[in-house]
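Work through the exercises below with the sequence and the 3D view open. Try each task before reading its solution.

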Amino acid sequence: MEAWRRMGKAIGAHMPLIVLFCVAAGVLFPRVFGTFEPIVPALFAFMTFQGSLNNTFHPLPLIVILAITLVAMPVLAFALASLLFAGNVNIITGILLEYSVPIGIVSFMWVGMFSGNTALGLSAILVSTVLAPFSIPLTLKLLMGATIHMDALGMMINMVFMIALPALAGMAVNDLTRGWGHDVLSPSIDPLCKMLLLVIITANSTQMSEYILNMTWERAGVALFILVFASSGFLWGMIAARLLHQPFSTLV
């Protein structure tokens, strides 16, 4: 068991480098790793269960997270995209959508991996997903004057099976076992969750294969913008946490 946990820590310590190899594998071999895509929701559900075996938070950080991700970043992304890619409505719309979608479930794993507040992370994911059927059409309407229709029921069903039920199960196990879930079970399955994260990243990367293997200067410019702007999200989070005098776990 100790060797198993050491392997999990080793994966976590080298995760940034490993992720690059996973993305490259997904892009170069989409037919091989694309076969894992159907089980990605189940893998997400398992990681949510593992991460929910701990938890507590205060509402103010959650409100700030939602304000940054659902309001500030979409507005700023739209303004910058309109400036840098003026005249290309498709790219501007795509960039706006990129920063209007709910917080990614995989962020829950990253929060747990770096000793962050998993309850806060899970809550942010849940609330942003619940708001998505309303926030995304509203954002597009206000910023671009566009109207879209979304499969709200489908999103809710996915949220229930990938987030809500696994989270409730994790908290119930921890409560019913008087902390055994958090102290014993969670560390035991943590290495497996890290491995599953790599499978998810590799499988999802297959979606980029066609675009990366047929790269154009325009696509390269969009990719660079996405990289820089997405990375800035870490800065906004750090600034917000510092201004609110939040502990390290909330900053993560």
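**Exercise 1.** In which loop is the place of Ser-115? Then describe its phi angle and its exposure.

Solution. The model is a predicted one.
Step 1. Ser-115 sits in the loop between H7 and H8.
Step 2. Its phi is positive, about 60 degrees, although Ser-115 is not a glycine. Most residues other than glycine have a negative phi.
Step 3. The relative accessible area of Ser-115 is 55%. The cut-off for exposed is over 50%, so Ser-115 is exposed.

**Exercise 2.** Describe His-245 in the same terms: phi, place and exposure.

Solution.
Step 1. His-245, a residue other than glycine, has a positive phi near 55 degrees.
Step 2. The loop that holds His-245 runs between H12 and H13.
Step 3. With a relative accessible area of 71%, His-245 is exposed.

**Exercise 3.** Is Thr-206 buried or exposed, and which residues is Thr-206 in contact with?

Solution.
Step 1. Thr-206 lies in the loop between H10 and helix H11 (209-213).
Step 2. Its relative accessible area is 9%. Buried means under 20%, so Thr-206 is buried.
Step 3. Leaving aside neighbours within four places in sequence, the contacts of Thr-206 are Gly-26, Phe-29, Pro-30, Phe-33, Gly-34 and Glu-37.
Step 4. With Glu-37 there is a polar contact between the two side chains, at 3.4 Å.

**Exercise 4.** Find Thr-202 and state what Thr-202 touches.

Solution.
Step 1. Thr-202 belongs to helix H10.
Step 2. Its relative accessibility is 6%, so Thr-202 counts as buried.
Step 3. Not counting residues up to four places away in sequence, Thr-202 touches Cys-22, Ala-25, Gly-26 and Phe-33.

**Exercise 5.** How many disulfides does a search of the whole structure find, and why is there no bond between Cys-193 and Cys-22?

Solution.
Step 1. The search finds zero disulfides.
Step 2. Cys-22 is in no disulfide, and the nearest cysteine sulfur, that of Cys-193, is 15 Å away. A disulfide is a covalent bond between the sulfur atoms of two cysteines.
Step 3. Seen from Cys-193, the closest cysteine sulfur is in Cys-22; no bond forms because 15 Å is too far.
Step 4. Both residues are buried: Cys-22 has a relative accessibility of 10%, and Cys-193 has a relative accessible area of 0%.

**Exercise 6.** Which residues of the largest nonpolar core touch the most other members, and which elements give two or more residues to this core?

Solution.
Step 1. The core has 31 residues, and those touching the most other members are Met-15, Phe-44, Met-47, Ile-163 and Leu-197.
Step 2. Two or more residues come from each of helix H2 (15-28), helix H4 (40-51), helix H5 (59-84), helix H7 (106-113), helix H8 (118-144), helix H9 (152-176) and helix H10 (180-205).
Step 3. H10 contributes the most, with seven residues.
Step 4. Take Met-47 as an example: leaving aside neighbours within four places in sequence, Met-47 is in contact with Phe-108, Met-109, Cys-193, Leu-197 and Ile-200.
Step 5. There is also a second, separate core of 19 residues, which includes Ile-92, Ile-95, Ala-132 and Met-155. In soluble globular proteins, nonpolar side chains tend to be buried together.

**Exercise 7.** Describe the length, bend and packing of H5.

Solution.
Step 1. H5 has 26 residues and spans 36 Å from its first C-alpha to its last, close to the 38 Å expected at 1.5 Å a residue.
Step 2. At Ile-68, H5 bends by about 35 degrees.
Step 3. Among the buried residues of H5 are Pro-61, Leu-66, Ile-68, Met-73 and Phe-78.
Step 4. The buried residues of H5 pack against helix H6 (89-98), H8, helix H12 (217-243) and helix H13 (248-251).

**Exercise 8.** Follow H8 from its N-terminal end to just after the helix.

Solution.
Step 1. Asn-117 caps the N-terminal end of H8, with a side-chain oxygen 3.2 Å from the backbone nitrogen of Ala-119.
Step 2. At Ala-132, shortly before Pro-133, H8 has a kink of about 60 degrees.
Step 3. Just after H8 comes Gly-145, with a positive phi of about 70 degrees.

Technical notes: Residues are numbered from 1 along each chain as its sequence is written. This is a predicted model: local features need pLDDT of at least 70, side-chain atom pairs count only at pLDDT 80 or more; totals for chains, interfaces and linings use all residues. Side-chain values use heavy atoms; hydrogens and water are left out. A nonpolar core is a set of buried Ala, Val, Leu, Ile, Met, Phe, Trp, Tyr and Cys residues joined through side-chain atoms within 4.5 Å. Buried means under 20% relative accessible area, exposed over 50%, partly exposed in between (1.4 Å probe, protein chains only). Helices (H or I, at least four residues) and strands (E, at least two) are DSSP runs, numbered from the N terminus. Contact means heavy atoms within 4.5 Å. The expected span of a helix is 1.5 Å times one less than its number of residues. The bend at a residue is the angle between axes fitted to the seven residues ending there and the seven starting there. A polar contact is a pair of N or O atoms within 3.5 Å; within protein, one must be able to donate a hydrogen and the other to accept it, and residues adjacent in sequence count only if both atoms are side-chain atoms. A disulfide is a pair of cysteine sulfur atoms within 2.5 Å.
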